[in-house]
Structure formats: structure tokens, C-alpha cells
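Reader: I'd like a close look at a single part of this model, with the cut-offs spelled out as you go. Could you walk me through one strand and what surrounds it?

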Amino acid sequence: MANFGFIPADHPRTVADGDPEPWAPMVLTNVLGPALLANAALPHLETTGGRLVLIGSVAGLKNSPANLYSATKWAVTGMAENLRMYATSRGVGVTLVNPGVTDTAFWQGGVPPFALSPEPIVKAICFALGQPADVDLNTLTIRPVGQPV
């Protein structure tokens, strides 16, 4: 499972704001991290008929004006489909799980009041992993009630 993602503490709202210096580690973590995991895991998953689970984000499904974090999660969304197209003929399932606002350290203390606890995300991942070998469950999006986007 690839669960990569962070946003620098002082990340500006748009690419037009702030200092781009902290952007490279975010892009490398959020995009290259899942790619490296897939590279390492796919040969093993092919021999076992396993499933690759990537953690995306609602931010990778809904545009946010000039938001680089969102762009990294769009990259994960595209990567999941690219990997699915590659892996399906090799007996490997690929699932993208897109959490909405979730009560994690990501929010650095400013968790929105409607945030989900992490448990529904864990249950969704377990659901994906529990699918029969001949089922390729591709995308799960989980938002809390109250999240408008």
C-alpha cells in the first residue's frame, strides 16, 4: 500500500504565493513515493496475484485553483489508472482510495470539525484488499458528511 502525502507547514494556498523551496520534497514524496513503491512491489504482486493500493485524495478529484498539493494528488489518480492498465493483464489489482477530510496529523492541529476519523479509511482499504482475486476494484472515494468539495 502506498500512503504517501504531506504538505509543508507553510505551504501557500496557490503556486503564485510564497517560497517554492519546500515544494520539491512534497512533489517527490507525493508522486515519486508511490511510483517507487509500485516499481518495487509489482514483480512480487505478479507472482502472488496481489493488489496494489494507492492512497490519493479528494484533492486529486476536485480542482483547487493553482494548488500544487492537489496537483500531486491528481498525479496519483493518473498513476493509479496507468498502473491498473499495466497490471490487470498480469493478474494484479490496483485500487485508488481517495479520502476526504480525515482527522490526521496532516492538518497540523487545524482539523475541520466535520473530519472523518481514520477508521472508515482503514475499513475501505481492508474492503479493497478483501476482494476476490478476479475482482479489480479500482476507486473508492470516502468523504465525511459536511465536506462540500
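Author: Here is a walk through strand 2 and its neighbours, with some context up front.

First, the ground rules: this is a predicted model, so local features need pLDDT of at least 70, side-chain atom pairs count only at pLDDT 80 or more, and totals for chains, interfaces and linings use all residues. Residues are numbered from 1 along each chain as its sequence is written, and side-chain values use heavy atoms, with hydrogens and water left out.

The protein has 3 helices and 3 strands, where helices (H or I, at least four residues) and strands (E, at least two) are DSSP runs numbered from the N terminus. Along the sequence they come in the order α-β-α-β-α-β. Of the 149 residues, 40% are buried, meaning under 20% relative accessible area, while exposed is over 50% and partly exposed is in between (1.4 Å probe, protein chains only). Take contacts (heavy atoms within 4.5 Å): among those with a separation of 6 or more, 67% join residues 24 or more positions apart.

Now to strand 2 itself. It is mostly covered, with 7 of its 7 residues buried. Gly93, Thr95, Val97 and Pro99 point one way, Val94, Leu96 and Asn98 point the other way, and all are buried. In general, side chains in a regular strand alternate between the two faces of the sheet.

Who sits alongside? Strand 1 runs parallel to strand 2, and 5 bridges join them; strands pair if DSSP finds at least two bridges between them. Within that pairing, leucine 52 stands opposite valine 94 of strand 2.

Helix 3 is another neighbour. In this helix, residues 119-129, the buried residues are Ile121, Ala124, Ile125 and Ala128. Seen down the helix axis, they fall within an arc of 100° (taken from the directions from the axis to the C-beta atoms), so they line one face of helix 3. The buried residues of helix 3 pack against strand 2 (93-99), and also against strand 1 (51-55) and strand 3 (139-142).

Finally, a look at the stretch of chain ahead of strand 2. Arginine 90 lies over the face of tyrosine 86, 3.8 Å from the ring centre; the rule asks for NZ of Lys or CZ of Arg within 6 Å of the ring centre and within 35 degrees of the ring normal. Then there's glycine 91, whose C-alpha atom is 8.6 Å from that of threonine 47, 44 residues apart along the chain. Threonine 47 lies in helix 1 (residues 23-48) and is exposed, with a relative accessible area of 69%.
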